[in-house]
Amino acid sequence: MDVLLASRLQFAAAAMFHFLFVPLTLGLSFLTAIYQTLWLKTGDEDYKRAARFWGKLFLINFGLGVVTGITLEFQFGTNWRFYSQYVGDVFGSLLAIEATLAFFLESTFIAVWWFGWGRINPKINTLAIWLTAIASNISALWILLANGWMQHPVGYVIRNGRAELESFTAVLTNSFAWWEFLHTVPAAYILSGFFVLGVSAWHLLRKNETSLFKKSFKVAAIWTMIFSLYLIVEGHIHGAEVAEKQPTKLAAMEAHWETEKGASWTLFAIPDEENERNSLEIIKVPKVLSLLAFHDPEAEVKGLKEWPKEERPPVALTFFSFRIMVALGFLFGLLSILAFLKRNQPETSPRLLKVLIWNIPLPYIAAQAGWMVAEVGRQPWIVYGLMKTKDAVSPLSSVQVGLSLPAFIIVYGILGVICFWLIAHHAKKGPEPAENISVKPATETL
Amino acid sequence: MEMNIFQIIWFVLWGVLWAVYFALDGFDLGAGSLLYFLGKDEKERRVIYQAVGPFWDGNEVWLITAGGATFAAFPTAYAVMFSALYTPLLLLLFSLIIRGVAVEYRNKHESPSWRAFWDFLFFLGSLLPALLLGVAFANIFKGVPINEKGLLQTNLLGLLNPFGLLGGLLFVFCFATHGALWVAFKASSPLSERAASLAKKTWVITLLLVIIFWAASFVTTNLWENYKKAPILAVFPLLAAICYLTVPVFLNKESYFKAWAASALTIVFFTAWGVAGLFPNILPSSIDPAYSLTIFNSSSSPLTLKIMTTVAVIFVPIVLAYTFWAYKTFSYKITEKDIAY
């Protein structure tokens, strides 16, 4: 197998697999912290048991997220040697800072939280889960600053045959990276919110632990609606940012071939990359693409033909991924409003509860599709406009990558099945009885 | 490229990160590799899992940070080293993945075959990293055959040379001793005594291995050259030896924590011995010293190194403080209650 293609597939497999576990980590940590804080404030045992229940599911998910993250950091060196050499001066420090600021914090305090029940003061224990949540979100910020730099490199100068850091402030204030952060993290919150809603719905339908799951449901319904509605607005701004900074990606997202003023927007199309056109277009609305991308119905939108074929991203994959993400985004907005309206008596709407159970996987699909748009749409660049992916790959033998790629798929495949089975198993089992959760009296000192 | 003080600072920090990683994850990996030898029944095995449970993840972050720091401070060395050591590095990562998952998942489902499955993976995922890290570092100490383009002129089997294998064995037994001491400290009788008595045996084997390793290093490596130039560096191997010899003293007094701490310091000073000998190389070439990756020809720009230094100066003490607190919080003897279902 071709080393470049195999390395790309391997990185894609490792990154996508890792991101099956990241969103729930980012969101469920906060939800667990909220439930535990509500217990501290109200003394309501339901919240204590809820915190333990959701926290345990968080932990099973977190385990796989942690271990699959290491391979990503190391793969820049193993498979993308020339990338690492060329941009390490800017990019490497962001990863190192992420580890120093976030990884130590989250891995230490998640252990303090889990093993601290009955051993440390509940207030410190609650602080531990908050610190875990904050740390995992700090980690998201730094990794997205790194990814944002690959999408829109800033603050560097070409010197000594490589990209060297010129302004750290410019890298930290990269607007593209911040919009990515403000997009990815709330998307993770939505996924986590729907996870809690879906699992709660499963128990509510079976009239199991109704009191506890109603309380879980209510918090998650408010949380999910806030972020679902926010993300529809942010998604639009984010798209406009892509239009300005990554015109080839925008053109691929919209399967837009011809440069034109007052460009029309197509709801659905089948791109034909061979003949540089769409073989099918359904519902074309005049001037809307210009309006959406540049907030001006007469604005010029560059078409894919503006660039030579080898500088265009894969159009169909980018286009379909984008359509899937956006359609699901609107569905989540609608569904979260329904859940919000029923937040006080969800058990009275069995149909909504059933939908919420079947909805659990959809935010996962939306998140994966979103990353497809971001990463496939950036091609053929590994760093947009600065370095091509084909120039970044390590000088490996096809045997090495030909063995490691299937190894990744097999090992990850097995672990993924086990992890989701275990999450489902514990989710269905429901919360532990209150007497099994030991709590150290708050009056005792550390 | 210009030489600067930050390259030296980051070389030292690079060594410190590896030293702390070995000293901390060393006991997790060691305890895991002894699972079948120490844990005679289900209860004892649960104690071993409990002994590493709160720590393995935080300990592994030192490895991630060592990798990240190599990338940030010496990107060329990171790029060449990681692509040249492709297969052993991926084997290491896969082993660490299954180790971590084993610790987290083993006690989350009550079924004997589930537990047996994860026990085996925990054992394997603990033993292999020790072996691979030992082989990798022995080869780095010796120098690897990289050419002027940074391409490795050998394969995996070439890395499994006698000195590399010796390094692998040394790490396995050193970590096993370290892990047994930790279990002796965390467990109660009879597991505690069994771990202590096993530690005494592996201590002797490790001692023999390190003597052979040091003797062989005079012939196979250039590490001692720096010691001729700067004899003061000899404090590192000297301190390593002194700390190592105090381990059995504490063991005989049943002061298991102190024995473990002495073992941790031994690992730190032993790593310091190797890293000081490497200076200024990060990856020496055994073909021609001119092809070696040094801190001078592979480092980041002074600006990046300065920023990284600032971050390290502020945050590493904070990390150390809460890590220390967490160790103190979880330094209790594991009781029946802790391993209840």
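Student: In which helix of chain B do B:Arg46 and B:Glu42 lie, and how many residues apart are they?

Tutor: In this predicted model, both lie in helix α3 (residues 42-52) of chain B, 4 residues apart, which is about one turn of the helix.

Student: What makes B:Arg46 and B:Glu42 a salt bridge?

Tutor: The N to O distance between their side chains is 3.4 Å. The cut-off is within 4 Å, for a side-chain nitrogen of Lys or Arg and a carboxyl oxygen of Asp or Glu, so B:Arg46 and B:Glu42 form a salt bridge. They also belong to a network of salt bridges that links B:Glu42, B:Arg45, B:Arg46, B:Arg106, B:Arg115 and B:Asp119.

Student: Why is B:Arg46 called buried, and what is B:Glu42 called?

Tutor: B:Arg46 has a relative accessible area of 7%. Buried means under 20%, so B:Arg46 is buried. B:Glu42, at 26%, counts as partly exposed.

Student: What makes A:Lys214 and A:Glu347 a salt bridge, and which parts of chain A does the pair tie together?

Tutor: Their closest N and O atoms are 3.2 Å apart, and the limit is within 4 Å. A:Lys214 lies in helix α8 (residues 210-245) and A:Glu347 in the loop between α11 (315-341) and α12 (350-359), so the pair ties together parts that are 133 residues apart in sequence. A:Lys214 is partly exposed at 25%, as is A:Glu347 at 33%.

Student: How do you know that A:Glu276 and A:Arg312 are paired?

Tutor: Their side chains meet at 2.6 Å, N to O, and the limit is within 4 Å. A:Glu276 lies in the loop between β4 (265-272) and β5 (277-285) of chain A, and A:Arg312 in the loop between β6 (300-301) and α11, so this salt bridge ties together parts 36 residues apart in sequence. At 12% relative accessibility, A:Arg312 counts as buried.

Student: How many salt bridges does the whole structure hold?

Tutor: The search finds 26 over all chains.

Student: What makes the lining of the largest cavity nonpolar?

Tutor: By class, its lining has 15 nonpolar, no polar and no charged residues. Among those closest to its centre are B:Trp18, B:Leu85 and B:Ala136; Trp, Leu and Ala count as nonpolar. The volume of this cavity is about 200 Å³, and α7(B) gives the largest share of the lining, 5 residues.

Student: What is the make-up of the lining of the second largest cavity, by class?

Tutor: That lining has 12 nonpolar, 2 polar and no charged residues. Residues closest to the centre of the second largest cavity include A:Thr100 and B:Thr65. Thr is not on the nonpolar or charged lists, so A:Thr100 and B:Thr65 count as polar.

Methods:
Residues are numbered from 1 along each chain as its sequence is written. Chains are lettered from A and ligands numbered from 1 in the order in which they are written. This is a predicted model: local features need pLDDT of at least 70, side-chain atom pairs count only at pLDDT 80 or more; totals for chains, interfaces and linings use all residues. Side-chain values use heavy atoms; hydrogens and water are left out. Helices (H or I, at least four residues) and strands (E, at least two) are DSSP runs, numbered from the N terminus. Buried means under 20% relative accessible area, exposed over 50%, partly exposed in between (1.4 Å probe, protein chains only). On a 1 Å grid over the protein atoms alone, a cavity is a set of points where a 1.4 Å probe fits but cannot get out, and a pocket is an open set with protein on both sides within 12 Å along at least five of seven lines; lining residues have an atom within 4 Å of a point. Grid points are joined across faces, edges and corners, and a volume is the space filled by probe spheres set on the points.
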